[in-house]
Amino acid sequence: MSSIPDDLRYSKDHEWVRMEDEFNGVCGITDHAQEMLTDIVFVELPQVDMEVGVREQVAVVESVKAVSDVYSPVSGRIIGVNTQLEESPELINDDPYGKGWIFKIEVKHPKELEDLMDAAAYSEYVESGA
Amino acid sequence: MDTIFDYSVSGKNRFQLPEAGCEDYDPIPEEYCTVATVLPEVSEVEVVRHYTNLSRMNFGVDNGMYPLGSCTMKYNPKINEKIAAMEGFSAIHPLADASAVQGCLRVLYELAAALREITGMTFSLCPAAGSHGELSGAMIIKKYFQDLKEARSVVLIPDSAHGTNPASVAMCGFTVKEIPSNSDGDVDVERLRQLLDGNVAAMMLTSPNTLGLFDRNIREISRLLRENGSLFYGDGANLNATAGRARMADMGFDIMHTNLHKTFSTPHGGGGPGSGPVGVVDRLAKYLPVPLVAKGAQGYYLEYDRPDSIGRVHSFYGNFLVALRAYAYIRSLGAEGIRDMSDTAVLNANYLLACLRDLYKLPIDRKCMHEFVISDGDMPNGVTTNDISKRILDYGFHSPTVYFPLHIEGAIMIEPTETETKKSMDTFVNAMAEIRREAYEEPEKVKTAPRNTPVHRVDAVIAARKPVLVWEG
């Protein structure tokens, strides 16, 4: 069973967002997602200052198995990216909720967070095989 | 493994250029003199042995069965090579006057005509690969809607499509929307209905799809698109299943590409050269990339005067010698032969499917076309598709396509093609049965494969994370 921390919100595309304050969030892909992808070998990061909409593609993660788009769980402006992933993409496998974060976002409509799943709902979602 | 540089001994080659025999010449300007290339100093026999030995480590369709799904690795008849090597074809200059290369132009003209007979479409032979044909097709879609003054920005692509499809349309500025497959492997028509609106420029369908299934709703799909004013693009990479039996134009496609290097037996793999002619129905013919080969009172000529064309997509006339090989193949088979080719490809795939169905999980249980997909879904002891595909190498076959299509977990996509005999397919089935037995009884054997190849299991993760792309001595 993969790890699903309680303090995060989750998207159906297996991204997570951790709100650091009312408007600033950190995003990455979930433990379940990295398990499915297996060893990640390359990450294409978004451009800082880019405006994104909900479920809009922001990054790309490539594993030995597949190349997958990463979508933004909320709309807003990219305010930071984890450049460490360029050298060490394996951080996503090792620590998906910590050192493996992908981008920081200034959330445009905090209400959108309510549309995301909490840990219990995401856990159920993963178990249902989605 | 030694490289050619490992044989190099300084001073071994004492070759010196003879005196120039003329007095004054302009030396090469300094700005063009870059760092001198370091060439290995080796004898002729060392060069010959080194490359001969390397070639013996290779595996190709001339060595054995190569069931790489979606790639149609059929045998390439040697008569194609014999013809392509004829001086009249191989030693011509691309800028030769049309009057001097009538034979070559006739080949291109008749090849386009043959493709028209097979698919019902008009072709430009310029694109140099399947993906290049797709890109040209996407540019035609773009131009078509520009002419109509309609700003349509979405292209629909099923999850069972070829991976290059989304890339080709994205390069033309379209947004991709994915359509899921239903549990039978066909396009979810209900979902398609919901997605169709005035913003949909086209739908791209690989036919048959990457599960080797012919979409049974193809007529309904094309009708819905037509009513919506959208174009229907057919990825013809899998034409080996239908050529001579059903024409893409009759299925309702407006644009397509065909991979000459797959269906029409020109050598491929390793990056080319290929040929991916783009074809269209008559009302879109004016957009085709130039030049086209036309026939007039003075004979064959290259036609550039096509004001609505999307323009050039390749230097000169595409990969002529690849087109020539395909032409030789089509002419040696004839119309009946082409039909037999597809029929046998489908028969072979269904034979293999019937033999493997009790050994491996079959995600979608239907009669297939020219290829089919099994998976590692019921493998014991943690044996994965990756392990199975590596073990297949030990048995002397090339591996099938793996982990594609993406919507089937652990997919193994097998395409025997029509050129495999029953005996070679039976040998493959025996190997697959043996691998299954090993997975149960001796899983380590499968998990540590391959053992019988020049290179054993490579660390794909390190190779991808820290690739060494340049020889550094």
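The exchange below asks how some descriptions of this predicted model are justified.

Me: What conventions apply to the numbering and to the predicted model?
Reply: Residues are numbered from 1 along each chain as its sequence is written, while chains are lettered from A and ligands numbered from 1 in the order in which they are written. Because the model is predicted, local features need pLDDT of at least 70 and side-chain atom pairs count only at pLDDT 80 or more, whereas totals for chains, interfaces and linings use all residues.

Me: Why is Ser3(A) called buried or exposed?
Reply: A residue is buried if 20 or more other C-beta atoms, placed from the backbone, lie within 10 Å of its own, exposed if 12 or fewer, and partly exposed in between. Ser3(A) has 11 other C-beta atoms within 10 Å, and is therefore exposed. Ser3(A) belongs to the segment before strand 1 (9-10) of chain A, and its C-alpha lies 12 Å from that of Asn93(A), although 90 residues separate the two in sequence. For chain A as a whole, 40% of the 130 residues count as buried.

Me: How do you know whether the radius of gyration of chain A agrees with that of a compact globule?
Reply: The radius is taken over C-alpha atoms, and the globule rule is 2.2 Å times the number of residues to the power 0.38. For 130 residues this gives a value near 14 Å, and chain A has 13 Å, so the two agree. The C-alpha trace of chain A spans about 35 × 35 × 20 Å along its principal axes.

Me: What makes strand 2 and strand 3 of chain A a pair?
Reply: Strands are DSSP runs of E with at least two residues, helices are runs of H or I with at least four, and both are numbered from the N terminus; two strands pair if DSSP finds at least two bridges between them. Strand 2 (residues 15-19) and strand 3 (residues 24-29) of chain A have five bridges and run antiparallel, with Met19(A) bridged to Gly25(A), and they form a hairpin with four residues between them. Strand 3 of chain A is also joined to strand 9 (residues 103-107) of chain A by four antiparallel bridges, where Asn24(A) has Glu106(A) as its partner.

Me: Why are strand 4 and strand 7 of chain A said to stand at the edges?
Reply: The open sheet of three strands has the order 4-6-7 in chain A, with antiparallel pairing. Strand 4 (40-44) and strand 7 (67-71) of chain A each have a single partner strand, so one side of each lacks a neighbour in the sheet. Strand 6 (residues 57-63) of chain A pairs with strand 7 of chain A over five bridges, and Glu62(A) stands opposite Val67(A).

Me: What makes the residues of chain A and chain B count as being in contact, and how many are there?
Reply: Two residues are in contact if their C-beta atoms, placed from the backbone, lie within 7 Å. Seven residues of chain A meet this condition with six residues of chain B.

Me: How do you know where the domains of chain B begin and end?
Reply: Domain bounds come from an automatic or database domain assignment, which gives domain 1 (4-56), domain 2 (79-333) and domain 3 (343-463) in chain B. The centres of domain 1 and domain 2 of chain B, taken over C-alpha atoms, are 44 Å apart.
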